[in-house]
Amino acid sequence: MTAAETVDRIVRQGVVGIVRTGEAAEAASAARALLDAGLAAVEVSLTTPGALEVVAELAAEGRAVGAGTVRTPADARAAVAAGAAFLVSPELDLDVVRYAVERDLAVVPGCLTPTEMATAQRAGAHAVKIFPAHLWTPAALAGTLEAMPDLRCVPTGGVTPGSAPDWVRAGAVAVGVGGSLTRAVDVHGTVARLLAAIRDARA
């Protein structure tokens with residue numbers, strides 16, 4: 001899958017599920033649950049023990065799985081070797097962005113300021129992760145997009161199924177949602193309600 005195809009898949013649905021757990025088996029189970037519930041894209045954080053093995057396992061099953069918390073080119077190389085379909089970072093590392101762009105792999109670096117976002121975009125990032133989103137507001141995002149309408153923003157960090165529609169209405173192309181999905185008692189129901197809320201917010 002090309003970078004453009006991966007990004008289109010994420011943007012069409014509007015959600016990236018984030019899996020961060022204390023051990024590999026739990027991460028694999030959580031990722032499968034989110035994918036089986038209907039999410040088109042799930043990232044496994046490299047802070048999870050055995051994360052690369054989980055990525056490789058899910059990629060071998062043909063799942064759309066990416067690697068999160070990719071902070072260095074070495075992380076990026078390891079994630080690609082494991083079969084990650086996309087890379088997500090908590091920060092802006094231009095070497096990671098360039099590595100992904102050279103391989104036509106979707107990359108979403110973390111940014112906190114408009115300057116970082118513009119720098120990421122000029123380097124070829126396919127979208128920017130506003131992180132941590134709880135330091136922003138949907139109104140701030142809407143204001144930023146008035147001046148920089150070409151940005152493709154994915155707020156992440158503190159975003160919940162309840163707040164996701166506000167970010168989408170403000171102009172986010174997608175949101176990153178983690179613990180409120182992976183810890184849900186009814187994962188299928190929670191994902192279904194989230195996707196419905198995003199569709200309604202776009203209407």
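Trainee: Which residue of β3 stands opposite Glu43?
Mentor: In this predicted model, Glu43 stands opposite Gly66 of β3.

Trainee: What makes β2 and β3 a pair?
Mentor: Pairing requires at least two bridges between the strands. β2 and strand β3 (residues 65-68) have four bridges, in the parallel sense, so they count as paired.

Trainee: How do you know that β1 and β2 pair?
Mentor: The same minimum of two bridges applies. Strand β1 (residues 15-19) and β2 are joined over three bridges, again in the parallel sense, so the criterion is met. On the β1 side, Ile18 is opposite Glu43 of β2.

Trainee: How does the chain cross from β1 to β2, and what is the hand of the crossover?
Mentor: The path runs through helix α2 (residues 24-36), and this β-α-β crossover is right-handed. A second right-handed β-α-β unit is made by β2, helix α3 (residues 51-60) and β3.

Trainee: Why is a crossover called right-handed?
Mentor: With the strands pointing away from the viewer, the path from the first strand over the helix to the second runs clockwise.

Trainee: What covers the description of strand β2: which residues are on each side, and are they buried or exposed?
Mentor: In β2 (residues 42-45), Val42 and Val44 are on one side, with Glu43 and Ser45 on the other. These four residues are all buried, and both faces of the strand are covered. In a regular strand, side chains alternate between the two faces of the sheet.

Trainee: Why is Thr69 called buried?
Mentor: Its relative accessible area is 15%, and buried means under 20%; Thr69 is therefore buried. Thr69 sits in the loop between β3 and α4 (73-82). The phi of Thr69 is near 55°, a positive value in a residue other than glycine.

Trainee: And why is Asp104 called partly exposed?
Mentor: Asp104 has a relative accessible area of 40%. The class lies between the cut-offs of 20% and 50%, so Asp104 is partly exposed. Asp104 is in the loop between α5 (94-102) and β5 (106-108), and the phi of Asp104 is also positive, near 55°.

Trainee: What class does Arg9 fall in, buried, partly exposed or exposed?
Mentor: Arg9, in helix α1, has a relative accessible area of 31%. That value falls between 20% and 50%, so Arg9 is partly exposed. Not counting residues up to four places away in sequence, Arg9 touches Met1, Ala40 and Ala64. The C-alpha atoms of Arg9 and Ala41 are separated by 7.8 Å, although these residues are 32 residues apart along the chain.

Trainee: What makes α1 roughly perpendicular to α10?
Mentor: Helix α1 (residues 3-13) and helix α10 (residues 187-202) pack at an angle of about 85°, with axes 9 Å apart. The range for roughly perpendicular is 65 to 115 degrees, so the angle puts α1 roughly perpendicular to α10. Val11, Arg12 and Gln13 of α1 make the contact with Leu195, Ile198 and Arg202 of α10. By class, three of the contact residues are nonpolar, one is polar and two are charged.

Trainee: What makes β6 and β8 edge strands?
Mentor: Three strands form an open sheet in the order β6-β7-β8, with parallel pairing. β6 (110-111) and β8 (153-155) each pair on one side only. Strand β7 (residues 128-130) pairs with β8 over three bridges, and Val128 has Cys153 in β8 as its bridge partner.

Trainee: Which peptide bond is cis?
Mentor: The one from Phe131 to Pro132 is cis, with omega near -10°. Pro132 lies in the loop between β7 and α7 (138-147).

Definitions and conventions: Residues numbered from 1 in each chain as written. Predicted model: local features only at pLDDT ≥ 70, side-chain atom pairs only at ≥ 80, totals over all residues. Heavy atoms only, no water. Buried < 20%, exposed > 50% of the residue type's maximum accessible area, 1.4 Å probe, protein only. Helix = DSSP H or I, 4+ residues; strand = E, 2+ residues; numbered from the N terminus. Axes fitted to C-alpha atoms, helices over the stretch in contact; angles between N-to-C directions. Parallel < 35°, antiparallel > 145°, perpendicular 65-115°, else oblique. Contact = heavy atoms within 4.5 Å. Nonpolar A, V, L, I, M, F, W, Y, C, P; charged D, E, K, R; others polar.
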